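Here is a short report on one protein chain. It covers strand pairing, helices, the nonpolar core and two loop residues.

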Amino acid sequence: MVAVNSKNYGITPGRWLGMAGLFVCLLLSGCQSTGRSSVAVGPGVGPQANQPLGDKKRAYRYDSNIFLDVAVPVFDPGIPADDAKLEEEGIWPQLRRSEANRFAVQTKRALENTGAFGAVTVVPNPQMTADLYVIGRIQESNSEDVKIKIELVDISGQKWDEEVFKHRVSKGFYRDKLNEGKDSYEPVFREIADYVYLQLLKRSEQRKQELKKIAAIRFAQSYAPEAFAGYLDTNRRGVVELKRLPDESDPMLARMAPLRVQDQLFFDRLQSQYEGFNAKTDESYHSWQKETLPEVAAAREARNAAVVQGILGAVLVGAAIANSDADSTSSQILTAGVGIGGALLIKNSLDKSAEARVHKAAIDEMGASLDIEMSPQVIKLNDENVELQGTAQEQYQQWQAHLHKIYQMEQTPDRQL
């Protein structure tokens, strides 16, 4: 209960009740002003200069002939291990896992639109070879608010930077016909691409070239660690440094070239899997976004209203108690009215909280229909069909095992593996 001491502020009980009554009028009765609104005359009226139509997009200019290859691992879905947290944060695991794939694809597309990178590839994990890794974690996604943490790490293990990106979808987004077919989260992925682009511009030509050499040697070391030992070193900060380069005529280096090509081709093929999953879930996911946006917005407003009305209700009840010993009949009547108003506000607060729970239940139900699946693929290599099954990560592990088998067979052609 809130105790009101009007003497400390020079406010009489009557003025407290008057102020409290005003709160009741505004919050319960919907009092409206009857005054006329005026429009200021000046530069804000009359014909204006032509404005460009559509979204204002960044103009990218990359003055370099060194293009870093980028890997975008499937995002961390941000699913807490504690099941109680799932309920508390309104997370539906199947939906989040779907978003982890979708958001990686959206980030890939946005990065490709900059024209400042080489191959941009969605990968199941950061263990594939690339020059730069854009690692994302979903911190929030509820169709209204999306919050993503991005970390940039290059092939040497050096962390470039990290940033958290937020976006709130307007309640009227789907009412605008110009937004038909658009992803309501698209602005956040454009911001991520702009951010990665600006970080790239901070790197020197020498450093970018060095990263590509480190990537080539690290790939070779994964197949022949002994043959390529001594070219790289790891400093005390855990960052890989280039010590020297193998001779261009090194036959071992030449043998790595076709394996690297096959590795890259696998991920090129895998992109169709991720894009296919994205297309397959498009209709359901966009329906979820559209249908739950008003629910989420209403739930948030209900929670906010519950807090505000709970506080004001407590203040009004406190004011009524503080003035309960007033002598005048009018003061007693007003006190009773304020007390009733406070009780109604508190009840309304509880009603709003219940309403928020109903909205949350509806959101959970709508998010129950999405899940992840990757289709099998058959790759022909050296007149042999290699069938890969399971998740993208499992398929890549199977593919790596097959490439290692080929490498070993070439190392010992007279030995049958």
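## Strand pairing

Arginine 137 has lysine 149, in E4, as its bridge partner. This comes from a predicted model. E3 (132–141) and E4 (145–154) run antiparallel and are joined by 9 bridges. Their hairpin has 3 residues between the strands. Within the hairpin, serine 143 takes a positive phi near 80°.

E4 also pairs with E5 (159–168). These two strands run antiparallel, again with 9 bridges. Aspartate 145 finds its bridge partner in E5, at arginine 168. The E4–E5 hairpin has 4 residues between the strands. Here glycine 157 takes the positive phi, near 90°. E4 is largely enclosed by the rest of the structure, because 7 of its 10 residues are buried.

## Helices H4 and H5

H4 covers residues 186–201, 16 in number. From first C-alpha to last, H4 reaches 23 Å, close to the 22 Å expected at 1.5 Å a residue. Its buried residues include Val188, Phe189, Ile192, Val196 and Leu200. Polar names are on that list too, among them Asp194 and Gln199. What covers the buried residues of H4? The cover includes helix H3 (93–112), E3, E4, E5 and helix H5 (205–223).

H5 has 19 residues, which should span 27 Å at 1.5 Å a residue. Its end C-alpha atoms are 29 Å apart, so the span agrees. Leu211, Ile214, Ala215 and Phe219 are among the buried residues of H5. Arg207 and Lys208 are buried as well.

## The nonpolar core

The largest nonpolar core holds 72 residues. Which of them touch the most other members? They are Phe75, Phe103, Leu111, Phe117, Ile148, Ile150 and Val196. Helix H6 (residues 251–322) gives this core its largest share, 10 residues. In soluble globular proteins, nonpolar side chains tend to be buried together.

Valine 196 belongs to H4, where it is buried. Setting aside neighbours within four places in sequence, valine 196 contacts Leu111, Phe117, Leu132, Val134 and Leu152. Leu111 and Phe117 are themselves among the core residues that touch the most other members.

## Aspartate 131

Aspartate 131 sits in the loop between strand E2 (120–123) and strand E3. Is this residue buried or exposed? Aspartate 131 counts as buried because its relative accessible area is 1%, under the 20% cut-off.

What does its side chain reach? One polar contact, of 2.7 Å, joins it to the side chain of lysine 212. The side chain of aspartate 131 also reaches the backbone nitrogen of aspartate 69, at 2.7 Å. Beyond four places in sequence, aspartate 131 touches Phe67, Leu68, Asp69, Asp154, Ile155, Leu211, Lys212 and Ala215. Two of these, Leu211 and Ala215, are buried residues of H5.

## Valine 239

Valine 239 lies in the loop between strand E6 (232–234) and strand E7 (240–242). Valine 239 counts as buried because its relative accessibility is 7%. Along the chain, valine 239 and serine 156 are 83 residues apart. Their C-alpha atoms are separated by 5.5 Å.

Leaving out neighbours within four places in sequence, valine 239 is in contact with Ser156, Gly157, Gln158, Asp233 and Thr234. Glycine 157 is the hairpin residue with the positive phi near 90°.

Technical notes
Residues numbered from 1 in each chain as written. Predicted model: local features only at pLDDT ≥ 70, side-chain atom pairs only at ≥ 80, totals over all residues. Heavy atoms only, no water. Buried < 20%, exposed > 50% of the residue type's maximum accessible area, 1.4 Å probe, protein only. Polar contact = N/O pair within 3.5 Å; in protein donor to acceptor, adjacent residues only side chain to side chain. Contact = heavy atoms within 4.5 Å. Expected span 1.5 Å × (residues − 1). Pairing = 2+ DSSP bridges. Core = buried A, V, L, I, M, F, W, Y, C linked by side-chain atoms within 4.5 Å.
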